[in-house]
Amino acid sequence: MTTVRPSVAQPPASASTTARDLLGVSRLTDAVLRRWLHGLPGVDQVGAEARVAGLGTRSIKTTSKAWAIDTAISMIDLTTLEGADTPGKVRSLCAKALVPDPTDPATPRPAAVCVYGDLASTARNALGDSPIHVAAVATAFPSGRASMPVKLADTRDAVDGGADEIDMVIDRGAFLSGRYLQVFDEIVAVKSACARSDGTSAHLKVILETGELATYDAVRRASYLAMLAGADFIKTSTGKIAPAATLPVTLVMLEAVRDWRELTGTQIGVKPAGGIRTTKDAMKYLVMVNEIAGPDWLTPEWFRFGASGLLGDLLLQRQKLATGAYSGPDYVTID
Amino acid sequence: MSPTTATPAADPRLEVRKTYKLYVNGAFPRSESGRVYAVHAASRGRGAAAGAGSRTGALLGNVAQGSRKDARDAVVAARAVVAGWAGATAYNRGQVLYRVAEVMQGRAAQLAAEVADAEGLTAARAAATVAAAIDRWVWYAGWSDKLAQVVGNLNPVAGPYFNISAPSPTGVVAILAPQRSSLLGLTSVIAPVIVSGNACVVIASQDRPIPAVTLAEILATSDVPGGVVNLITGHTAEIAPWLASHRDVNAIDLTGAADATGVDWGTLEAAAADNLKRVLRPEGVGSQAQEPDWSATPDLHRMTAFLETKTVWHPKGR
């Protein structure tokens, strides 16, 4: 096993160079990328689904459960991505992130608040100088159907608004029709747009929108393509398409980041998003992270949940452990 | 064995035995714990006076032994449906309750046999008990659109306002069903709770659960929305404390705590105080608590115990 190296944000200009070195070619083309991506081993669909079903039967109790609940809370990207979002709603979400459970100050805080780009500055102001990150979706989320200059302007706008993390969507149309180089170039360009004037850079999460990719093989290819282009995180879904995050899809992505670190030494994070609503769901994901990718990924730095309702259920379970009585939705804030 | 029912030895029919399951969210799951417990018939002829502990009769079946997690799931189901059920018109709820009586009538023979086995009654007395239970549904069904007139009020106030108090359901109610009266008593605790728009989680009589399971099947086929009544069979002493302390349960009916093995209703009431649940105590004092006489015509107290009062002020025009 290779030693753990924190992902060093590569200078964007070198993403293509790194990719050429890795693929052993002098010039990246659709044909080169296609040959490489389609050379990846296929996913055993039945095997993957059986594996997650098996892992889902693990029973997590008592102190392990308490640890898992707190870990899961600290991994949440508390999300509101509605057309009806207002600054007031974002501020109340931030207040919830700062004090998830007023009845228990020991409750950990979520990792980030995830909003649309135009509300990033509102979120940043509401969170003050707390360590909670602001994540903003960009690049014509959720469809990704906009011209490149618009996507880059969208990204820069969110970064200027104070976003610490950018959640971009890939162009699924281009990916599915085999224009891999276009997807690659877009990710590289957005990554460079994440750079701030002081030389630092916002973390880039690349949303594959697995619900539109149809097969696990395509999910594996999209994961590798995103990692090759310099993604810091790969994220399953926008949450706007059903199915959103599923366990088998996340398993394929966890295998991809594990193998990527073996291959390049660079660790990439994973974020399932959408459809994760209960503590039991979250536990299944944590078990899978530990078993597939390994314990190195069991921190908010490398694994996140994109969710809004999940926090409420985790808090209810936390209260149940603390008081010994079943709690109810009256005892957590509504979103 | 009469000659007409004798089957040739060459063609024996396999007995089709019934799996007695829980009733949660309109479905019939087994207990998540996978457990069952044996239920025996009461010895015949001793009547309803035969208490717990005298279960020496034939094995009636293995009944699902519900756990705290089954109760937890039932509360979630009840909470999800209570807004819709409370929002239904009183007229509609009355029709649904009457429908329960209609469907029960069609299965009266089965119920009578089960009640006779469970309570050790003669066939005639069991049939009379079932008839009384059916009539109890009709009695409560009639109250659905009359309750507001009787317990609501137009209050005189010192100002140009109408001031109207109207009853509204309290929400999710946990019910400890009577231990002895397995059908009439059960009906008499469920009907008054749901007629006003509450949803309920019922722990059936521990030693006499089979009529309750059949009632659940009747409820499932008589327009009662899934989740309005959830029925858990099992050990009352095991499940009741979890419902008493459950923060998302708004009220608890402790009627069945009288005579339940290992249940101290005072402890349950203390646990219920944690989130200010409404509590309906069993009749009698302390350990002298006992089941009421279910054959008597009920009064309103089982309905009013699970109501909140909503008062609105409305400007009075000319």
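# Exercises on a predicted two-chain model

A:Asp77 and A:Lys205 form a salt bridge, with 3.0 Å between their closest N and O atoms. This is a predicted model. The exercises start from that pair.

## Exercise 1: A pair in chain A

Find which strands hold A:Asp77 and A:Lys205, and say how far apart in sequence the tied parts are.

Solution.
- Step 1. Place each residue. A:Asp77 lies in strand E1 (residues 76-79) of chain A, and A:Lys205 lies in strand E5 (residues 203-207) of chain A.
- Step 2. Take the separation. The pair ties together parts that are 128 residues apart in sequence.
- Step 3. Check burial. The cut-off for buried is under 20% relative accessible area. A:Asp77 has 0%, so A:Asp77 is buried. A:Lys205 has 1%, so A:Lys205 counts as buried.
- Step 4. Look for partners. A:Asp77 and A:Lys205 belong to a network of salt bridges that also links A:Glu165, A:Asp167, A:Lys235, A:Lys271 and A:Arg304.
- Step 5. Set the scene. Over all chains, the whole structure holds 34 salt bridges.

## Exercise 2: Two further salt bridges

Decide whether each residue in the pairs A:Glu212 with A:Arg172 and A:Asp259 with A:Arg258 is buried or partly exposed.

Solution.
- Step 1. Take A:Glu212 and A:Arg172. Their side chains meet in a salt bridge at 2.7 Å, N to O. The pair links distant parts of the chain, 40 residues apart: A:Glu212 is in the loop between E5 and helix H10 (216-228) of chain A, and A:Arg172 is in helix H8 (residues 172-176) of chain A.
- Step 2. Read the accessibility. A:Glu212 is partly exposed at 29%. A:Arg172 is buried at 6%.
- Step 3. Turn to A:Asp259 and A:Arg258. Their salt bridge is 3.1 Å, N to O. A:Asp259 is partly exposed at 31%. A:Arg258 is partly exposed at 29%.

## Exercise 3: A proline in a loop

Locate A:Pro142 and list its contacts beyond four places in sequence.

Solution.
- Step 1. Find the loop. A:Pro142 sits between strand E3 (133-138) and helix H7 (148-160) of chain A.
- Step 2. Check exposure. A:Pro142 has a relative accessible area of 27%, so A:Pro142 is partly exposed.
- Step 3. List the contacts. Outside its neighbours within four places, A:Pro142 touches A:Tyr116, A:Val169, A:Arg172, A:Thr238 and A:Lys240.
- Step 4. Compare with A:Val32. A:Pro142 and A:Val32 are 110 residues apart in sequence and 29 Å apart in space, C-alpha to C-alpha.

## Exercise 4: A helix in chain B

Test whether the span of helix H4 (residues 123-143) of chain B agrees with 1.5 Å a residue.

Solution.
- Step 1. Work out the expected span. The 21 residues should span 30 Å.
- Step 2. Compare. The end C-alpha atoms are 31 Å apart, which agrees.
- Step 3. Note the buried residues of H4(B). Among them are B:Ala126, B:Val130, B:Arg136, B:Trp137 and B:Trp143.
- Step 4. See what they meet. The buried residues of H4(B) pack against helices of chain B including H2 (90-106), H3 (108-119) and H7 (210-220).

## Exercise 5: The interface

Describe how chain A meets chain B.

Solution.
- Step 1. Count residues. 11 residues of chain A are in contact with nine residues of chain B.
- Step 2. Take the area. About 940 Å² is buried between chain A and chain B, and carbon and sulfur atoms give 51% of it.
- Step 3. Find the main contributors. A:Ala325, A:Tyr326 and A:Tyr331 supply 58% of the area that chain A buries against chain B, more than any other three residues.
- Step 4. Look at polar links. Between chain A and chain B there are zero salt bridges and two residue pairs in polar contact.
- Step 5. Sort the residues. The side of chain A that touches chain B has four nonpolar, four polar and three charged residues.

Definitions and conventions
Residues numbered from 1 in each chain as written. Chains lettered and ligands numbered in written order. Predicted model: local features only at pLDDT ≥ 70, side-chain atom pairs only at ≥ 80, totals over all residues. Heavy atoms only, no water. Helix = DSSP H or I, 4+ residues; strand = E, 2+ residues; numbered from the N terminus. Expected span 1.5 Å × (residues − 1). Buried < 20%, exposed > 50% of the residue type's maximum accessible area, 1.4 Å probe, protein only. Contact = heavy atoms within 4.5 Å. Salt bridge = Lys/Arg side-chain N within 4 Å of Asp/Glu carboxyl O. Buried area = accessible area lost by both parts, 1.4 Å probe. Polar contact = N/O pair within 3.5 Å; in protein donor to acceptor, adjacent residues only side chain to side chain. Nonpolar A, V, L, I, M, F, W, Y, C, P; charged D, E, K, R; others polar.
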